[in-house]
Amino acid sequence: CRIIDEMTLFLLELGLNDVSFNIKKLPNKTILMYECDIFDMDKLKEIDIALKHKRELAFEMYGWELIGQGDMDHELELVSTLINYFTYYIKENKIMMVMVRYE
């Protein structure tokens with residue numbers, strides 16, 4: 001839920017008007033898929049770089065209380081510590097972003 005909250009907040013702050021997501025819960029992983037209108041490619045590259053950091057398990061226990069939810073400057077940083085994998089692709093004038101979190 002925290003990943004969804006922070007990522008959605010980040011995308012809405014970009015000024016996007018059409019954002020949707022899908023959650024697929026499997027036995028060993030959760031897949032979050034976002035679909036939104038195409039936005040600035042430099043911003044997309046920033047997201048790609050930010051979300052390719054390594055997941056930090058210790059952060060999940062303590063980091064949210066220390067940094068706080070909804071901090072506008074840290075949404076991507078927070079999400080990157082909670083996911084294992086990120087990728088994106090462009091399909092039919094939409095950006096599709098996929099995040100995977102292993103259990």
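**Exercise 1. Work out how much of the contact map comes from residues far apart in the chain, and which elements the chain is built from.**

Start with the contacts: among those between residues at least 6 apart in sequence, 65% join residues at least 24 apart. Keep in mind that this is a predicted model. Next, count elements: the protein chain has four helices and four strands. Walk along the sequence and you'll read α-β-β-α-α-α-β-β. Finally, look at burial: 38% of the 103 residues count as buried.

**Exercise 2. Put the strands in their order in the sheet and find the edges.**

Step one is the pairing. Nine bridges join β2 to β4, and seven join β3 (residues 85–91) to β4. Both of these pairs run antiparallel. Step two is the order, which comes out as β1-β2-β4-β3 in an open sheet of four strands. That puts β1 (19–25) and β3 at the edges, each pairing on one side only. From one strand to the next, the twist averages 15°.

Step three is to pin down some partners. Threonine 30 stands opposite arginine 101 in β4, while lysine 91 faces lysine 94 of that strand. The hairpin of β3 and β4 has two residues between the strands, and glutamate 92 there takes a positive phi near 50°.

**Exercise 3. Check the length of helix α1 and say how the helix sits on the sheet.**

Take the twelve residues of α1 (residues 2–13): at 1.5 Å a residue they should span 16 Å, and the end C-alpha atoms are indeed 16 Å apart, so the two agree. Just after the helix, glycine 15 has a positive phi of about 95°.

Now place the helix. α1 lies across β1, β2 and β4, at about 15° to β2. Helix α2 packs on the sheet too, touching β3 and β4, and its direction makes about 155° with that of β3.

**Exercise 4. Trace the largest nonpolar core and find what α1 brings to it.**

First, the size: this core has 22 residues, and those with the most contacts inside it are Met7, Leu11, Phe39, Ile47, Leu51, Met97 and Met99. Then the suppliers: α1, β2 (29–37), α2 (41–50), α4 (75–80) and β4 (94–102) each give at least two residues. α1 gives the most, with five.

Next, check burial in α1: the buried residues are Ile3, Ile4, Glu6, Met7, Thr8, Phe10 and Leu11. Last, zoom in on leucine 11. Leaving out residues up to four places away in sequence, leucine 11 touches Leu16, Val19, Tyr34, Phe39 and Met97.

Methods. Residues numbered from 1 in each chain as written. Predicted model: local features only at pLDDT ≥ 70, side-chain atom pairs only at ≥ 80, totals over all residues. Heavy atoms only, no water. Expected span 1.5 Å × (residues − 1). Buried < 20%, exposed > 50% of the residue type's maximum accessible area, 1.4 Å probe, protein only. Core = buried A, V, L, I, M, F, W, Y, C linked by side-chain atoms within 4.5 Å. Contact = heavy atoms within 4.5 Å. Pairing = 2+ DSSP bridges. Axes fitted to C-alpha atoms, helices over the stretch in contact; angles between N-to-C directions.
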